[in-house]
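The exercises below ask you to work from the sequence and the model to a description of packing. Try each task before reading the solution that follows.

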Amino acid sequence: MKVTINKVHQFVDQEVTIGAWLANKRSSGKIAFLQLRDGTGFMQGVVVKADVDETIFQQAKSLTQESSLYVTGKIVEDSRSSFGFEMQVKHIELIQEATDYPITPKNHGTEFLMDHRHLWLRSKKQHAIMKIRNEIIQATYRFFEQENFVKIDPPILTGTAAEETTELFHTKYFEEEAYLSQSGQLYMEAAAMALGRVFSFGPTFRAEKSKTRRHLIEFWMIEPEMAFTTHEESLEIQENYVQFIAESVLTNCSLELNTLERNLEMLQKIKAPFPRITYDEAIELLKQKGFTDIEWGEDFGAPHETAIAESFDKPIFITHYPKDIKAFYMKPDPDREDVVLCADLIAPEGYGEIIGGSARIDDLSLLKQRYMEHELIGDAYEWYLELRKYGSVPHAGFGLGLERTVAWISGVDHVRETIPFPRLLNRLYP
Ligand code: 4AD
Ligand code: MG
């Protein structure tokens, strides 16, 4: 019977066949240990010279890394490995022999690995990260389904800029100028007025010249948008969502977290409610922490976010930023003209901002005024203004960056390892 590694626990003491690649191998005169991987997991196959045909034993000993095989044998429990099972190999059928696989078990430099990303993905660490990424995506769909959101897909080719116009990727749309979406938010606001609670999950593009461990040129964002919802209610959804993600990964990815040697205690602490501090309080905290130069009105960089996060062991919301450093659509605080009803969620352990969100301006004349101030004139925004003309309601939403969340939950320090094929400032290959 043909089975996969993630199901072998159902076949203890039975003979099965697994389609696999040889990840690694150790052998002596009497025994060979094959590290097998089949996409669903990693498992050891043991070939004992005395128990198999001499040709099989010789074949096992000469197998090369990443050769593809069908291996047949009995599944037995193995309490020494974290996986818990191994195969007593009886037969091997070679599908294709791989020669000179470039990624050997020894250490390689990051650029080399990035050049071989199409192969690097096969490694145990990258496999674990991709499984955690998948779990976060699946948890996202489960959470928003449970909370009565409708999944909506905004366009990727757009004529309007949602965030900073300087970061746009320009492209030709026949004769017209178009951009690749930086955020689906404006379309999600339209969708929220049609369906109430909506979320999107899709790729976004930013021509950012930042070369940091938190920035990708192409990244995936989850963007919920909610009608009849206040800023405070939006924060509650955000913290429940992030807690749900952490719990799902803890429950369903224990092998992967173990492979990555993730500190589980840090993940167990991700429980709502999360602390909230205002931008003003954050400035004070930074001054106490030795950032004496920082002035009210300046945006926070990575070192500031890391320093603020160090004071807390949960993710933390920083709220009420100055309106001048935030997007045009954010709703002003009714008690204070100079700040907006927004929040960034900062992850602990130096992973930085994972969510940006706000209440949206719902008043037509105020939105028009913001357009002028931000010099966002043009037909492309007409449809967005109409949302405030026909039954405008208080609404709020946010965007969670998938790769930063994967980096944080997995405990990997650079976002380039959290997406299958990263697009970076100087990388469009492979
Ligand atoms: O804070 P941002 O720019 O917010 C928006 O785009 C809003 N329109 C979202 C909304 O309210 N619907 O981006 C949201 C999140 C950030 O918190 C961060 O996690 C991630 O997207 N992000 C990036 N991730 C990787 N590489 C980049 N260059 C990123 N830029 C933002
Ligand atoms: Mg932001």
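**Exercise 1: the two sides of a helix**

On one side of helix 9, E284 and Q288 are exposed, where exposed stands for 12 or fewer other C-beta atoms within 10 Å of a residue's own, buried for 20 or more and partly exposed for what lies in between, with C-beta atoms placed from the backbone. The model is a predicted one, in which local features need pLDDT of at least 70 and side-chain atom pairs count only at pLDDT 80 or more, while totals for chains, interfaces and linings use all residues. Residues are numbered from 1 along each chain as its sequence is written, and chains are lettered from A and ligands numbered from 1 in the order in which they are written.

Task: determine which residues of helix 9 are buried, and what covers them.

Solution. Begin with the extent of the helix, residues 279-288, in which Y279, A282, I283 and L286 are buried; helices (H or I, at least four residues) and strands (E, at least two) are DSSP runs, numbered from the N terminus. These buried residues cover an arc of only 100 degrees around the axis, which puts them on the same side of helix 9, the arc being that of the directions from the helix axis to the C-beta atoms. Their cover includes strand 12 (276-278), helix 10 (302-309), strand 13 (316-319) and strand 15 (336-340). After helix 9 comes G290, with a positive phi near 100 degrees.

**Exercise 2: a helix pair**

Task: describe how helix 9 and helix 10 pack, giving the angle and the distance between their axes.

Solution. The angle is about 90 degrees and the axes are 10 Å apart, with axes taken as lines fitted to C-alpha atoms, for helices over the stretch in contact, and angles running from 0 to 180 degrees between N-to-C directions. Helix 9 is therefore roughly perpendicular to helix 10, a term that covers 65 to 115 degrees. Next, list the contact: helix 9 contributes A282, L285 and L286, and helix 10 contributes H304, A307 and I308, two residues being in contact if their C-beta atoms, placed from the backbone, lie within 7 Å.

**Exercise 3: the surroundings of Y371**

Task: locate Y371 and state which residues it contacts beyond its neighbours within four places in sequence.

Solution. Y371 belongs to helix 11 (residues 364-373). With 17 other C-beta atoms within 10 Å, Y371 is partly exposed. Once neighbours within four places in sequence are set aside, Y371 is in contact with F328, L376, I377 and Y381.

Conventions
Angles under 35 degrees count as roughly parallel, over 145 as roughly antiparallel, 65 to 115 as roughly perpendicular and the rest as oblique.
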